[in-house]
There are 2 protein chains.
Amino acid sequence: MARRTGAKGQRRIEEILDAAEEILVEAGYGGLSMRGVADRLGLRLSHVQYYFDGPDALLEAIFDRSLTRSIEVFETRPKREGIEAMVAFVLEDQLSASNCRMFFELWALAARDDKANAVLARYYARYQSYVESIVASEYPQAKPAQLKRCAVILMSLFEGLSLFRGVEGRIAVSRRELDKDIVKAVRAIVEQS
Amino acid sequence: MARRTGAKGQRRIEEILDAAEEILVEAGYGGLSMRGVADRLGLRLSHVQYYFDGPDALLEAIFDRSLTRSIEVFETRPKREGIEAMVAFVLEDQLSASNCRMFFELWALAARDDKANAVLARYYARYQSYVESIVASEYPQAKPAQLKRCAVILMSLFEGLSLFRGVEGRIAVSRRELDKDIVKAVRAIVEQS
DNA sequence: TATAAAAATGGTCACATGACCAAAAATGAG
DNA sequence: CTCATTTTTGGTCATGTGACCATTTTTATA
């Protein structure tokens, strides 16, 4: 970008990002194009190009916005909730289908793009802090290394479960029981052996 | 495809798939093109097109081959191994970096393509059976529902951990300790409460 | 060896895409 | 109102891509 914008421009940018996000979710990275975004909004190609240098810049902006939002979501949660509430929250709310798909694209990108990788690393570092703090509030006696491993396992579990959402004929397990199992697992890890 | 091929053709197809796989891993879905594959091999575009109708067919074939290989890998493992050995195996061997990237692309694709989704669902159904059988061999008293939840959790964990591989500044946790924690978690889930 | 199938060559074509440019219109601060 | 800035229009262009076709060479088999 690197372009001065007024209030109208900011609104335009949001509009463009909304449309681009829709397309990304519907058609994936391969289906995202400047022209496609412009067409969807009834704008000229060069109009979109005025705000975003190219498809890469667009993609980057989408991910930036999305990650920022996600971080806000969990960092503004009440600090005093327990593990069970966190599990329920993460498995229910945060992973909306479309957000989920965006993350798939982002993971795929991060595997080969250093910049995306760095962005993702920063995001998950904060995510990890959040998870650790929740676990720590319920198990204050847990050692830092234990907390860390526990957070890694929980995050991996959350991400993994979100992958399996949407897989047809998937996992017909009871969410309630699953939640309980996860809580059990955390206890097993974090209570001193 | 739908093309009769001799032995030479089969070799060509493998060659093409190898190159396509490389490109996919290096450049992602967006970077995969028939021409790119042809160029990498020093073939004509139309030569590649002789074997694969278009980029989609190519992609599908890559994933087919890859999933078939992955299934073979774990289904030919000795049946009598325990959970710990499985965890160590999955976390070490199966998830080679490049294979990992391919799966990222595949997940992203499956999120919006029904056919890919179905393929993935079939793959993970078999994967799940494998995991269940391993857990069952160590905990014969476990109920089917418990086994299932346990398998889902383990698979999610494996996939999730593979996501975090490669994330810069990631998870500096001891693999040894992590493995232990996972085994602990399984026990907690599967031993009757 | 004859010959049909398979493998490979060589090329054209239409199409979508993004880079790039020039200019007009709308907007808002002074 | 004025005028610089922001926003928007309208267009060209080179490029990369896959679809498509006709043809030749190689291969295997009867």
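**Two chains and a DNA strand**

In this predicted model, 47 residues of chain B are in contact with 47 residues of chain A (contact: C-beta atoms, placed from the backbone, within 7 Å). Residues are numbered from 1 along each chain as its sequence is written, and chains are lettered from A and ligands numbered from 1 in the order in which they are written. Local features need pLDDT of at least 70 and side-chain atom pairs count only at pLDDT 80 or more, while totals for chains, interfaces and linings use all residues.

**Side of chain B that touches chain A**

- α1, α6 (97–110), α7 (114–138), α8 (144–164) and α9 (175–190) of chain B each supply at least two residues (helices are DSSP runs of H or I, at least four residues, numbered from the N terminus).
- α8(B) gives the largest share, 12 residues.
- By class, this side holds 27 nonpolar, seven polar and 13 charged residues (nonpolar: Ala, Val, Leu, Ile, Met, Phe, Trp, Tyr, Cys and Pro; charged: Asp, Glu, Lys and Arg; polar: the others, Gly among them).

**Around DNA strand C**

- Of the 22 residues around the strand, S33(A), G54(A), R4(B), G9(B) and S46(B) come nearest (near: C-beta atom, placed from the backbone, within 6 Å).
- Two or more residues each come from α2 (34–41) and α3 (45–51) of chain A, and from α1 (7–27) and α3 (45–51) of chain B.
- α3(B) gives the most, with four residues.
- The surface near DNA strand C has six nonpolar, 11 polar and five charged residues.

**F52(A)**

- F52(A) lies in the loop between α3 and α4 (55–75) of chain A.
- F52(A) is buried, because 22 other C-beta atoms lie within 10 Å (buried: 20 or more, with C-beta atoms placed from the backbone).
- R3(A) is 49 residues from F52(A) along the chain, yet their C-alpha atoms are separated by 9.0 Å.

Methods
Contact = placed C-beta atoms within 7 Å. Buried ≥ 20, exposed ≤ 12 C-beta atoms within 10 Å, placed from the backbone.
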